[in-house]
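User: I have not looked at this one before. Can you take me through it?

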Amino acid sequence: MTKAANAGGLFLGRNFLFASEITIDTTTLLVVLIVFVATLIRSAFGFGEGLLAVPLLAFVIPITVAAPLVVLVSITIAGIVVVQDWKKIHLRSAGWLVLSTLLGIPLGLLLLTSSHQRLVKGALGLILIAFSAYSLIGRAPLELKRDNRVWLWVCGFCAGVLGGAYGMNGPPLVIYGAMRRWSAQHFRATLQGYFLPASIIGMAGYWVAGLWVPAVTHYYLVSLPATLVAVFVGRVINHRMHGEAFLKYIYLGLICIGALLVIRATTGRL
């Protein structure tokens, strides 16, 4: 074999080796894509990524990896938003919501082992659809001019129950924010002021349960650049939304969540 042929073979071999080193496997690529889309939704609207991300991630990685991964990403999103927009957080509202959530979590954990999960999911989905549809057709829901302690406790407690049972704290918080008529910017910031401590507590639970495994850390670090980009793009989108248009997006989001819950309840899937 000539020297040229040897050199050519060596060159091709190096190219092949280099290509194999930089290739990202399909599973990792899908994880990064799902995390990016979910983070974009969360950063733009302040909620909703969990219901999208966990079921989709469960198709490509084990659910025991997907759930802690989403919570770890949630901590990152909330942390960045709190640092960016801490002046827009309704601290009193967030504090009472977190406190009442802690009281609701134990009931949610009991519900998790209940035989009536599908019935509860279906009923919750229908309530969300009815509330949002009622609001969209021009029937304005109750408006709270200032924080209401009763509604704070009710919404926070329900968020804790749903979070403990299904990992889905968002809808009751969204309903409270809609009743308070928070602007898009205050809505996004205040919900992150709630989600940051709630997600840290949730991640601590996964760690105690031994579910914070190396695979969770691996997928988190691989997805981190996409997460950071999505957070900042979502912030730009959020700051372009105002008033009634933003509320309509919120109600449409709740309808989508309600529809997914009804599908889960009727099919037992997703």
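**A walk through the model**

User: What does Arg-181 count as, by relative accessibility?

Analyst: Arg-181 counts as partly exposed because its relative accessibility is 26%. With a 1.4 Å probe and protein chains only, buried means under 20% relative accessible area, exposed means over 50%, and partly exposed is in between.

User: Before we go on, what sort of model is this?

Analyst: It is a predicted model, in which local features need pLDDT of at least 70 and side-chain atom pairs count only at pLDDT 80 or more, while totals for chains, interfaces and linings use all residues. Residues are numbered from 1 along each chain as its sequence is written, and side-chain values use heavy atoms, with hydrogens and water left out.

User: OK. Where is Arg-181?

Analyst: Arg-181 sits in the loop between α8 and α9. Its phi is near 60 degrees, a positive value in a residue other than glycine.

User: How many helices and strands are there?

Analyst: The protein has 11 helices and 0 strands. These are DSSP runs numbered from the N terminus: helices are H or I with at least four residues, strands are E with at least two.

User: And how much of the protein is buried?

Analyst: Of its 270 residues, 43% count as buried.

User: What share of the contacts join residues at least 24 apart?

Analyst: That share is 83%, among contacts between residues at least 6 apart in sequence. Contact here means heavy atoms within 4.5 Å.

User: Which residues have the most contacts inside the largest nonpolar core?

Analyst: They are Phe-47, Phe-187 and Leu-254, in a core of 34 residues. At least two residues of this core come from each of α5 (91-112), α6 (117-136), α7 (149-166), α8 (170-180), α9 (184-208) and α11 (243-267). α11 has the largest share, 7 residues. A nonpolar core is a set of buried Ala, Val, Leu, Ile, Met, Phe, Trp, Tyr and Cys residues joined through side-chain atoms within 4.5 Å.

User: What does Phe-187 touch?

Analyst: Not counting residues up to four places away in sequence, Phe-187 touches Phe-45, Phe-47, Val-174, Gly-177, Ala-178, Trp-182, Phe-246 and Ile-250. Apart from this core lies another, of 23 residues, including Leu-57, Ile-61, Val-71 and Tyr-219.

User: Tyr-219, then. Which side chain has a polar atom 2.8 Å from its backbone oxygen?

Analyst: That is the side chain of Ser-223. A polar contact is a pair of N or O atoms within 3.5 Å; within protein, one must be able to donate a hydrogen and the other to accept it, and residues adjacent in sequence count only if both atoms are side-chain atoms.

User: Is Ser-223 buried or exposed?

Analyst: Ser-223 is at 0% relative accessibility, so it counts as buried. It lies in helix α10 (residues 214-239). Leaving aside neighbours within four places in sequence, Ser-223 is in contact with Val-31, Val-32 and Val-35.

User: What about Leu-224 and Ala-226?

Analyst: Leu-224 is also in helix α10, and at 23% relative accessibility it counts as partly exposed. The C-alpha atoms of Leu-224 and Val-32 are 8.4 Å apart, with the two positions 192 residues apart in sequence. Ala-226, again in helix α10, counts as buried because its relative accessibility is 14%. Not counting residues up to four places away in sequence, Ala-226 touches Val-32 and Phe-36.

User: Changing topic: how many cavities of 30 Å³ or more are there?

Analyst: The count is 1, and the largest cavity has a volume of about 70 Å³. On a 1 Å grid over the protein atoms alone, a cavity is a set of points where a 1.4 Å probe fits but cannot get out; a pocket is an open set with protein on both sides within 12 Å along at least five of seven lines; lining residues have an atom within 4 Å of a point. Grid points are joined across faces, edges and corners, and a volume is the space filled by probe spheres set on the points.

User: Which element gives the most to the lining of that cavity?

Analyst: α4 does, with 5 residues. Among the lining residues are Val-35, Glu-49 and Ile-77.

User: And the second largest pocket: how much space is in it?

Analyst: About 290 Å³. It is lined by 13 residues, and Leu-124, Ile-127, Cys-158, Pro-172 and Ile-175 lie nearest its centre. α7 gives the most to this lining, with 6 residues.
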